[in-house]
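Morning, everyone. Please bring up the model on your screens, and I will walk you through a few places in it.

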Amino acid sequence: MGGATQQGTERYKSKWSGSPDHFRKVAGLWFPSVGIGTYLGDMDDRADRLYEASILDALKLGTNLIDTAINYRFQRSERNAGVALKKAIEKGIVNRDEAIISSKAGFLTFDRTFPQNQSSYIYEQYIDPGILKTEDIVAGCHCMTPSYLEDQLERSLRNIGVDCIDIYFIHNPETQLAEISRQEFLRRMLAAFKLLEKKAADGKIQFYGTATWNGYRENPGAQGFLSLEELIGLARNAGGEDHHFRAIQLPFNIAMPEAFLSKNQKLGSQSVSLLEAAHHLGMIVLCSASILQGQLAANLPAFVTKFFGDLKTEAQRSIQFVRSTLGVTTALVGMSNPVHVEENLQVAQKPVVSWNQMRQLFSEK
């Protein structure tokens, strides 16, 4: 199965009967304003079944973006996404070219559950076959050498059962900066980008990017800070002006608004926020932690509850905040239960809040 296409995602969008601004076109694809994430959950068969049902329902109810990672639940989440996508295709709910799949690599991972001897597993799977060296591992958990990323991509393709992953992220690359110099970090990122440009040319991925937690929210002088301008420079070095570094992922929500408020990125001579820079550059922006792993599904500040008073639940209000912010492509929400899928995707039936109104909310914040 190939990847998502403009024609396919537009076909999926044409089936949508809710708010027309639920879909937004970036990098030639139509993205939903709310996507399903697959991070948390037990590593057991019951959680697998719930995730598969949730992803299938999400595809039915209007989101064509599934976000996962090879280390999520030790490869189970990728496999759940693959099972659900296959069922959705068989049932005529979607075609492969209508669905956007994003995944990530960088963290060391096991398979389905903790092995009896974790160190032996890493040696048998990765070090003994020559996929990585012990000195490639940072913080005891992270690696982004080309050979390791290539291995992880092939495993992810098999896990999901597709020929192409639409967006492939290097997962939390800022982890490396805790132990190596920035110069060495940039050298490693360039090597990774060159590998991913090759995989894009081979049709194994469409776009690549960086999925981060702290990197894009730090102050420029911080050890773990990531500069979008600097990374785009590396991508141009790796792939020329038509490079495939087109996506970023970072947490953004009511409690973590730095992506909009912190002017920590350079755009020419200007200092701007990450969202402003990404919007100007036409990048895909997937926002993780939209409800902060459930913490923003209750007890929001009174002014926020009042502002989004037309929505029924605090989770819906938190999602509406993210999807209505200028520069956001998709608000990712971890949904491992079909009940939550139905509740959260009701937001997509509503128009986003106008930017003039959102400015008022940010001024209150």
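Start at Ser-262, in the loop between helix H8 (258-261) and strand S9 (265-267). Keep in mind that this is a predicted model. Is Ser-262 buried or exposed? Its relative accessible area is 17%. The cut-off for buried is under 20%, so Ser-262 counts as buried. What does Ser-262 touch, leaving aside residues up to four places away in sequence? Val-272, Ser-273 and Leu-274. Now look for Asn-219. Along the chain, Asn-219 and Ser-262 are 43 residues apart. Their C-alpha atoms are separated by 8.1 Å.

Leu-274 comes up again at Tyr-216. Leaving out residues up to four places away in sequence, Tyr-216 touches Leu-274. The other contacts of Tyr-216 are Thr-210, Leu-226, Leu-228, Leu-231, Phe-245, Ile-248, Leu-250, Asn-264 and Gln-265.

That takes us to the core. The largest nonpolar core has 90 residues. Which residues have the most contacts inside it? Tyr-216 is one of them. The others are Phe-193, Leu-228, Phe-245, Ile-248, Phe-252 and Phe-321. Helix H6, residues 182-201, supplies the largest share of this core, with nine residues. A separate core of 14 residues lies apart from it. Val-26, Leu-29, Ala-211 and Leu-332 are among its members. As a general point, nonpolar side chains tend to be buried together in soluble globular proteins.

Phe-321 also sits in helix H11, residues 314-323. How many residues of H11 are buried? 10 of the 10, so the helix is largely enclosed by the rest of the structure. The buried residues of H11 include Ala-315, Ile-319, Phe-321 and Val-322. They also include Glu-314, Arg-317 and Arg-323, as well as Gln-316, Ser-318 and Gln-320.

Next, helix packing. Take H2, residues 45-61, and H3, residues 76-90. Their axes come within 8 Å and cross at roughly 45°. H2 and H3 are therefore oblique to each other. The crossing of H2 and H3 is right-handed. Who meets whom? On the H2 side we have Asp-45, Asp-48, Tyr-51, Glu-52, Ile-55, Leu-56 and Leu-59. On the H3 side, they meet Arg-76, Ser-77, Asn-80, Ala-81, Val-83, Ala-84, Lys-87 and Ala-88. By class, this contact has eight nonpolar, two polar and five charged residues.

Stay on H3 and bring in H5, residues 146-160. The axes of H3 and H5 come within 7 Å, and the crossing is roughly 40°. H3 and H5 are therefore oblique as well. From H3, the contact uses Glu-78, Arg-79 and Gly-82. From H5, it uses Ser-156, Asn-159 and Ile-160. Sort these by class, and you get one nonpolar, three polar and two charged residues.

H5 also packs with H6, at an angle of about 40°. The axes of H5 and H6 are 9 Å apart. H5 passes H6 in a right-handed crossing. H5 brings Pro-146, Leu-149, Glu-150, Leu-153 and Glu-154. H6 brings Ala-191, Ala-192, Leu-195 and Lys-199. How many of the residues in this contact are polar? There are no polar ones, with six nonpolar and three charged.

Now two backbone points. Most residues other than glycine have a negative phi. Ala-27 has a positive phi of about 55°, although it is not a glycine. Ala-27 is in the loop between strand S1 (23-26) and strand S2 (29-32). At 23% relative accessibility, Ala-27 counts as partly exposed. Phe-74 is the second case. Its phi is positive too, at about 50°, and it is not a glycine. Where is Phe-74? In the loop between strand S4 (65-67) and H3. Phe-74 has 12% relative accessibility and counts as buried.

Last stop, Glu-10. Glu-10 has its place in helix H1, residues 6-14. With a relative accessible area of 38%, Glu-10 is partly exposed. Its partner here is Trp-30, 20 residues away in sequence. From C-alpha to C-alpha, Glu-10 and Trp-30 are 6.1 Å apart.

How values were computed. Residues are numbered from 1 along each chain as its sequence is written. This is a predicted model: local features need pLDDT of at least 70, side-chain atom pairs count only at pLDDT 80 or more; totals for chains, interfaces and linings use all residues. Side-chain values use heavy atoms; hydrogens and water are left out. A nonpolar core is a set of buried Ala, Val, Leu, Ile, Met, Phe, Trp, Tyr and Cys residues joined through side-chain atoms within 4.5 Å. Buried means under 20% relative accessible area, exposed over 50%, partly exposed in between (1.4 Å probe, protein chains only). Helices (H or I, at least four residues) and strands (E, at least two) are DSSP runs, numbered from the N terminus. Contact means heavy atoms within 4.5 Å. Axes are lines fitted to C-alpha atoms, for helices over the stretch in contact, and angles run from 0 to 180 degrees between N-to-C directions. Angles under 35 degrees count as roughly parallel, over 145 as roughly antiparallel, 65 to 115 as roughly perpendicular and the rest as oblique. A crossing is left-handed if the near helix is turned anticlockwise from the far one by less than a right angle, and right-handed if clockwise. Ala, Val, Leu, Ile, Met, Phe, Trp, Tyr, Cys and Pro count as nonpolar, Asp, Glu, Lys and Arg as charged, and the others, Gly among them, as polar.
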